[in-house]
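Here is a short report on one protein model. It covers packing, strand pairing and cysteines.

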Amino acid sequence: MTVLAGALTRSSSRISSSLSAAAAAFSRQSTLLSSSPPPISNPNPKSPPASPPSPSFARHFGDWRSPLSHRAVVRSSAAVAERFERRFATVATKNSYDSILTTLSKPGGGEFGKYYSLPALDDPRIDRLPYCIRILLESAIRNCDEFQVTAKDVEKILDWENTSPKQVEIPFKPARVLLQDFTGVPAVVDLACMRDAMNKLGSDSNKINPLVPVDLVIDHSVQVDVARSENAVQANMELEFHRNKERFGFLKWGSKAFHNMLVVPPGSGIVHQVNLEYLGRVVFNNGGMLYPDSVVGTDSHTTMIDGLGVAGWGVGGIEAEAAMLGQPMSMVLPGVVGFKLSGKLNNGVTATDLVLTVTQILRKHGVVGKFVEFYGEGMSELSLADRATIANMSPEYGATMGFFPVDHVTLQYLRLTGRSDDTVAMIESYLRANKMFVDYSEPQAERVYSSYLELNLEDVEPCVSGPKRPHDRVPLKGMKVDWHSCLDNQVGFKGFAVPKEYQDKVAQFSFHGKPAEIKHGDVVIAAITSCTNTSNPSVMLGAALVAKKACELGLEMKPWIKTSLAPGSGVVTKYLEKSGLQKYLNQLGFNIVGYGCTTCIGNSGELDESVSAAISENDIVAAAVLSGNRNFEGRVHPLTRANYLASPPLVVAYALAGTVDIDFETEPIGISKDGKEVYFKDIWPSTEEIAEVVQSSVLPAMFRGTYEAITEGNHMWNQLSVPSSTLYTWDPTSTYIHEPPYFKDMTMSPPGPHPVKDAYCLLNFGDSITTDHISPAGSIHKDSPAAKYLMDRAVERKDFNSYGSRRGNDEIMARGTFANIRLVNKFLKGEVGPKTIHIPSGEKLSVFDAAMRYKNEGHDTVILAGAEYGSGSSRDWAAKGPMLLGVKAVIAKSFERIHRSNLVGMGIIPLCFKSGEDAETLGLTGHERYTINLPSNVSDIKPGQSVTVTTDDGKSFTCIVRFDTEVELAYYNHGGILPYVIRNLINDKH
């Protein structure tokens, strides 16, 4: 047996053993866990609760202020649950490091609990470790059972300074998993399907249950159907439930059928803001065992929680499902970029301006696959909300995490958001004791980083990003010049190729019986949206102050601009109302439309028909301005080709101007009621003005009141009736929830590597193909294969909903793969759209139809791509879809981190061209047939090895196989991560 085969066997054995132990214990104890109703937890049993919570609230959360109390629902038998959770969610059965298990005493007597003490290791290397690496170290020590995690893994992390450049592999067990509904529905579908597979193979289906806390927030389904109306929230929610009743019912079933799963109902807020303001524990106190909070989520912006000092990042849905089931995550020990901040932001500069600047700097530096840790005296000038804004956009700058260690600012935020004094005291005591707290009043030990960057906050200036990518920053003062260059430039990330003679074209149309006009650069969507900014009171109240000044001057908005305000939690509404400023936003048309992601994820709703017609018929490059984090072409709205990310105050300013073709320094934004020209400076609030309103309007009671009621839901949610069975009854006629084919004909024997011989190229791409291109989340085009499928089942066009909302149906999602209307495929020689060439016949077909023809003919397919393939959202359907289309490999210059992992998880081979090579330099047209000379025995494949690819016309080139770890090779051998987990669970003999 080769060294690799032996390592694989050991890796598989240790994972299998721990899975088996976990599954057996869960099976034994699950009946006990459900045998009695959960008590209402009280952190201090000697004193009664101040006021009794509602029955629903008590059932789900107990005392909401305790970091773990809302898990009371899965701790109905305290003694049993304590043993269960400690054993599988927090600490190994028998730990190699029990000698450093230490008691944390309370200042006034008694103890908080026990913890694995890093100082007790007495290892000088710890003081030099970045704080984010210390969290990985603690997790490895706490879970060290010599099966899933070994002492060698702990040593790798301790020796990070020397091991991280070597790309060593480590296991990581996150403390919890976070889902939203777009990614949560397919995750629950997969879990339900895995239960069926276990059942069919004669094993115990109840082994498929989360072993760590899982929180699912329904936030991705609400669309801006109704805007500029006081009734918008209710109207949009009614439409949301009409479209998604079946999906919501399925998720409600999941919350009852699976243990340890909390579902936060629609209308509550955006997942990452709810995580920041409420779900984030910072430190767990789990049955007396203390350890740092950590989380992986099925949304790439899970990184927002890094601003709170909680290690969190996005993973693919399939990887998250494995983590839920006790599978340790296999990861390469990352390098850490130290980002030093100094100085203070200038007056009028926002956190959004800062994050767009940081994004550009880090993209230029190159941080893919790395952690970024922020430090320096400038940290004291950044509020927690500012930090969260920077952490949120980690996917846009390419890092796995953008981490802010816990300090006094973090503790202040925890108190502001209603966490109890006892909880905050416990968090501070634990982190200080375990060398995880930064106290800037004390001398700082020198920490080592892989590389260093520095930014003086005084150098940040107002800016936006666009028109097609988040990292294409444009200083506000240069916006007009940049816009005109975009009109001139050839089609690309910074170009629309509008001929000079057409750049001043004005399209006349009638809007509700009144004359109107639109030209290139005119704003048709202005949205204050996204957790990136709605979690930050400074920019939200700043936007409201801009609205107030504009209204007082008599400025008005053009009525055909679709304006909207979608807060990330009910707290925003409370402080906007208390400040007295919401009425000014309403006056300008920024009425609240719902509590969810809305425009940022493409749920912008339809434009008025007259506006749509004017844009389409006159080929107008219309603009959207939004306070989101993504502006890829085709994402925000099919008809807005220019999309700019901006702070909420700037969204209001551009909406008032009605165009992005403006120089705010020299051109008026409008005319006042007195007939005078009004300039940008006349409506822009000072930093001091904003700070005063924040201080008086944002109060802890708002957070407490909002989150005490969060699981009470609403009338529509509470009326949903769901079955009580633990196995799901699939409805073959459903167009929302469909049993996927992943485990069809599955046997107990792994299928092994799939030979790729004489495969055709399905698609030939350039750089920066995003997951939005691969698996769009937005509207279903009326002429698409997915639309045909729905119409064949009597679904009317008005009820198509979005691709994102139909991710529980593999038939629709396979048809929606590569269905983005802005897809650029080299086979089409400049034509844009979801088509490709079927090579044998030369016919131009939809991508789905071409893929099905290849499959029916018995041919495998591959994809050729450029750099950054799969960038954007952590979308597991961007890997599941190609797998269902028959794609066996993707050959690219480089991959986005999460998407590469997802491809591996679905059994697709990720291959990278050698440095300096790509399809063009190698003379590949895509019309060749490709053979990948990968060994047929998995034991002969090594992580990162070279492999030769040959074509039928005599070309030969070398690629790097991007299986990065031994565990990923095991997944590939089993046909994917989920079959791997099932086989391991079934092989449990206990």
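Contact here means heavy atoms within 4.5 Å. This is a predicted model, in which local features need pLDDT of at least 70, side-chain atom pairs count only at pLDDT 80 or more, and totals for chains, interfaces and linings use all residues. Residues are numbered from 1 along each chain as its sequence is written, and side-chain values use heavy atoms, with hydrogens and water left out.

**Cores**

By contact, Phe 590 touches residues including Ala 526, Ile 528, Met 557, Leu 565, Leu 585, Val 651 and Val 652; residues up to four places away in sequence are not counted. Polar side chains come up too: Thr 563, Ser 564 and Gln 582 are among the residues that Phe 590 touches.

A nonpolar core is a set of buried Ala, Val, Leu, Ile, Met, Phe, Trp, Tyr and Cys residues joined through side-chain atoms within 4.5 Å. Buried means under 20% relative accessible area, exposed over 50%, and partly exposed in between (1.4 Å probe, protein chains only). The largest nonpolar core has 307 residues, and Phe 590 and Tyr 869 touch the most other members. Helix 7 (residues 181-200) gives the most to this core, with 10 residues. A second, separate core of 10 residues includes Ala 786, Ala 787, Val 795 and Phe 800.

**Strands**

Helices (H or I, at least four residues) and strands (E, at least two) are DSSP runs, numbered from the N terminus. Two strands pair if DSSP finds at least two bridges between them.

The barrel is closed by 7 strands in the order 26-29-30-31-34-33-32, with mixed pairing.

Two antiparallel pairs compare as follows.

| Strand pair | Bridges | One bridge partnership |
|---|---|---|
| Strand 1 (residues 101-105) and strand 2 (residues 111-116) | 5 bridges | Leu 101 with Tyr 116 |
| Strand 32 (residues 929-932) and strand 33 (residues 946-951) | 3 bridges | Ile 932 with Val 949 |

Strand 1 and strand 2 form a hairpin with 5 residues between them. In the turn, Gly 109 has a positive phi of about 110°.

**Cysteines**

How many disulfides does a search of the whole structure find? The search finds 0. A disulfide is a pair of cysteine sulfur atoms within 2.5 Å. Cys 959 is in no disulfide; the nearest cysteine sulfur, that of Cys 912, is 7.9 Å away. Cys 959 counts as buried because its relative accessibility is 0%. Cys 193 is buried, with a relative accessible area of 3%.
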